[in-house]
Amino acid sequence: MDIWVDADACPAVIKDILFRAAMRTETRLTLVANQALRVPKSPCIHTLQVGAGFDVADDAIVERVQPGDLVITADIPLADAVISKGARALNPRGELYTEDNIKATLNMRDFMDTLRSSGIQTGGAAALSQRDRQQFANQLDRLLAHS
């Protein structure tokens with residue numbers, strides 16, 4: 001299993017958890033972003049810098065992901081695309097997207113986007129809490145243990 005990270009929007013604290021996990025388990029970790037990233041020196045950790053533009057990083061991940069890989073993203077359409085290719089998707093709050101829940105999650109995202117487009121204030125996502133970080137780390141450990 002390789003881990004792919006939609007790194008432009010991934011919180012630094014989640015990247016740190018990923019760096020430690022990749023080095024501990026010797027799992028290939030690739031961060032994909034449209035800007036240069038600083039990462040620890042490790043044979044397991046790689047970066048892929050893509051051009052600027054809407055969904056360029058997402059498209060690069062979808063193009064490269066293989067069945068059984070794990071993608072770290074809060075982008076629900078990206079999660080849907082990688083799940084359709086047989087990969088798994090985990091958001092930075094520790095929620096695992098699956099074939100069973102991704103369509104409902106995508107529908108809710110689209111509904112909320114429609115509300116925002118019509119001028120209704122829906123609020124933003126809450127700040128990443130310590131509980132979210134712990135939930136992410138626990139879910140990541142479970143996935144790595146079963147890979």
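Visitor: Is Gly53 buried, partly exposed or exposed?

Guide: Take the relative accessible area and set it against the cut-offs: under 20% is buried, over 50% is exposed. This is a predicted model. Gly53 has 46% relative accessibility, so Gly53 counts as partly exposed. Gly53 sits in the loop between strand 3 and helix 2 (56–64).

Visitor: How far apart are the C-alpha atoms of Gly53 and Leu90?

Guide: Read two numbers for such a pair, one along the chain and one in space. Gly53 and Leu90 are 37 residues apart along the chain, and their C-alpha atoms are separated by 23 Å.

Visitor: Which residue in strand 6 is the bridge partner of Leu90?

Guide: Leu96 is the bridge partner of Leu90. Look next at the strands that hold such a bridge. Strand 5 (residues 88–90) and strand 6 pair in the antiparallel sense, over two bridges.

Visitor: What is the order of the strands in the open sheet?

Guide: Read the order across the sheet, not along the chain. Here the order is 3-2-1-4-5-6. The sheet is open, has six strands and shows mixed pairing.

Visitor: Which strands stand at the edges?

Guide: Count partners. Strand 3 (45–49) and strand 6 (96–97) each have a single partner strand, so one side of each is left without a neighbour in the sheet.

Visitor: Where is Thr30, and is Thr30 buried or exposed?

Guide: Thr30 lies in strand 2 (residues 29–33). Its relative accessible area is 5%, so Thr30 is buried.

Visitor: Which residues are in contact with Thr30, leaving aside its neighbours within four places in sequence?

Guide: Contact here means heavy atoms within 4.5 Å. With those sequence neighbours set aside, Thr30 touches Ile3, Trp4 and Val5, and also His46, Thr47 and Leu48.

Visitor: Which residues are in contact with Val56 under that reading?

Guide: Apply the same filter of four places in sequence. Val56 is then in contact with Val50 and Gly51. Val56 is found in helix 2. With a relative accessible area of 29%, Val56 is partly exposed. Add a distance to place it: Val56 and Ala22 are 34 residues apart in sequence and 24 Å apart in space, C-alpha to C-alpha.

Visitor: What sign does phi have at Glu26 and at Asp55?

Guide: Start with the background. Most residues other than glycine have a negative phi. Glu26 has a positive phi of about 55°, although Glu26 is not a glycine. Asp55 has a positive phi of about 65°, and Asp55 is not a glycine either.

Visitor: Where are Glu26 and Asp55 placed in the chain?

Guide: Check the element, then the accessibility. Glu26 is in the loop between helix 1 (12–25) and strand 2. Glu26 counts as exposed, at 68% relative accessibility. Asp55 is in the loop between strand 3 and helix 2. Asp55 counts as partly exposed, at 31%.

Visitor: How many helices and strands does the protein chain have?

Guide: Five helices and six strands. From the N terminus, the elements run β-α-β-β-α-β-α-β-β-α-α. The radius of gyration is 15 Å, close to the 15 Å that the globule rule gives for 147 residues, so the chain is as compact as a globular protein of that length.

Visitor: What share of the residues counts as buried?

Guide: Of the 147 residues, 38% count as buried. Then turn to the surface. The chain exposes about 8,300 Å², and carbon and sulfur atoms supply 51% of that area.

Visitor: How many positive and negative side chains are there?

Guide: Take the counts, then the centres. There are 16 positive and 19 negative side chains, and the centres of the two sets lie 7 Å apart.

Terms used: Residues numbered from 1 in each chain as written. Predicted model: local features only at pLDDT ≥ 70, side-chain atom pairs only at ≥ 80, totals over all residues. Heavy atoms only, no water. Helix = DSSP H or I, 4+ residues; strand = E, 2+ residues; numbered from the N terminus. Rg over C-alpha atoms; globule rule 2.2 N^0.38 Å. Buried < 20%, exposed > 50% of the residue type's maximum accessible area, 1.4 Å probe, protein only. Areas by Shrake-Rupley, 256 points an atom, 1.4 Å probe, with all protein chains shown as cover. Lys, Arg positive; Asp, Glu negative; His and termini not counted. Charge placed at Lys NZ, Arg CZ, Asp CG, Glu CD. Pairing = 2+ DSSP bridges.
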